[in-house]
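Please open the model in your viewer and keep the sequence beside it. We will go from stop to stop, selecting a few residues each time and asking what is there.

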Amino acid sequence: MANKKSSTSSGQLTFVVPKGRILEEALPLMARAGIVPEDGFHDKRNRSLSFNTSREDMRLIRVRAFDVATFVAHGAAQIGIVGSDVIEEFNYADLYAPVDLDIGHCRLSVARLAGDTENDAGASHLRVATKYPGLTARHFEARGIQAECVKLNGAMELAPSLGLARQIVDLVSSGATLKQNGLVETQRIIDITARLIVNRAAYKTDPRVAALVDAFRKDAEKRATKDAA
């Protein structure tokens with residue numbers, strides 16, 4: 001259950017963002033919603049995880065992408081931005097993702113060595129290296145295959161060539177990293193974009209959270225209209 005105490009309208013809001021690929025695209029959207037981090041946020045030598053913002057009632061925290069959803073779902077943060085891959089992997093009941101921000105585009109895919117021509121048809125068990133064991137297991141289960149997921153947090157592309165797993169499930173953008181490591185994409189599991197996420201209790205009880213959702217939604221709609229013109 002979410003920590004409802006964290007979502008009182010009189011307390012400080014905590015906005016959580018992921019390190020890595022989504023952050024640079026998210027900062028302009030945040031600025032248009034009135035959230036600008038202090039200068040130290042952009043200093044690569046700064047090891048702080050918590051920062052002041054242009055709003056006195058809001059702090060910004062920066063964590064690993066997989067931790068963003070956990071902070072929001074459990075009420076340690078009220079609002080944040082994260083990829084839909086993370087949302088789907090954890091499927092937290094106390095997490096609400098009201099706005100597709102239309103940034104951070106990529107996909108979650110299955111890949112294997114280019115020279116691996118073994119047919120998986122009829123296979124009942126496969127070993128797969130991934131940091132998405134939930135999504136991976138569900139994907140293969142729908143095809144009647146039990147996936148033994150080897151959890152890795154990085155260097156996924158090495159798993160097939162070193163014999164750790166025949167296949168991997170990982171994020172793919174251009175496909176260049178796969179190609180450089182002798183891998184080919186064989187199945188696309190889901191397309192991914194970054195989403196605005198909120199703690200359900202905070203959204204219901206704190207009008208500031210609802211106002212931010214509205215601001216991000218209007219910005220997303222404005223960008224979509226501009227792109228369609």
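Which residue in β8 does Leu126 stand opposite? Select Leu126 and you will find that it stands opposite Ala147 in β8. Before going further, note that this is a predicted model, in which local features need pLDDT of at least 70 and side-chain atom pairs count only at pLDDT 80 or more, while totals for chains, interfaces and linings use all residues. Residues are numbered from 1 along each chain as its sequence is written, and side-chain values use heavy atoms, with hydrogens and water left out.

**The open sheet**

Now select β7 (125-130) and β8 (146-151), which run parallel and are joined by six bridges. Helices (H or I, at least four residues) and strands (E, at least two) are DSSP runs, numbered from the N terminus, and two strands pair if DSSP finds at least two bridges between them. Add β6, β9 and β10 to see an open sheet of five strands, with mixed pairing and the order β8-β7-β9-β6-β10. Its edge strands, β8 and β10, each pair on one side only.

**The helix across the sheet**

Next select helix α4, residues 133-141, which lies across β6, β7, β8, β9 and β10 and runs at about 160 degrees to β8. Such angles run from 0 to 180 degrees between N-to-C directions, and the axes are lines fitted to C-alpha atoms, for helices over the stretch in contact (heavy atoms within 4.5 Å). Within α4, colour Gly134, Leu135, Thr136, His139 and Phe140, which are buried; buried means under 20% relative accessible area, exposed over 50%, and partly exposed in between (1.4 Å probe, protein chains only). What covers these buried residues includes α3 (84-90) and β6 (106-113).

**Aromatic pairs**

The structure holds six aromatic pairs, where rings of Phe, Tyr and Trp (its six-membered ring) pair if their centres lie within 6.5 Å, and planes under 30 degrees apart count as stacked, over 60 as edge-to-face and the rest as tilted. Select Phe15 and Phe216, whose ring centres are 6.1 Å apart and whose planes stand at 35 degrees, so the pair is tilted. Because Phe15 lies in strand β1 (residues 13-18) and Phe216 in helix α7 (residues 207-228), the pair ties together parts that are 201 residues apart in sequence. Phe15 counts as buried at 0% relative accessibility, and Phe216 counts as buried at 1%.

Turn then to Phe90 and Tyr92, a stacked pair with 5.3 Å centre to centre and 5 degrees between the planes. Phe90 is partly exposed at 30% relative accessibility, and Tyr92 is partly exposed at 24%. Add Phe66 and Tyr132, and you have one aromatic cluster formed with Phe90 and Tyr92.

**The nonpolar cores**

Which residues have the most contacts inside the largest nonpolar core? They are Phe15, Met30, Ile81, Leu101, Leu196 and Phe216, in a core of 29 residues; a nonpolar core is a set of buried Ala, Val, Leu, Ile, Met, Phe, Trp, Tyr and Cys residues joined through side-chain atoms within 4.5 Å. At least two residues of this core are supplied by each of β1, α1 (23-32), β3 (58-63), β4 (79-83), β11 (194-199) and α7. Apart from it lies another core, of 27 residues, among them Val63, Phe66, Val72 and Val128.

**A last stop in a loop**

Finally, select Gln78, which lies in the loop between α2 (65-73) and β4. Is Gln78 buried or exposed? With a relative accessible area of 2%, Gln78 is buried.
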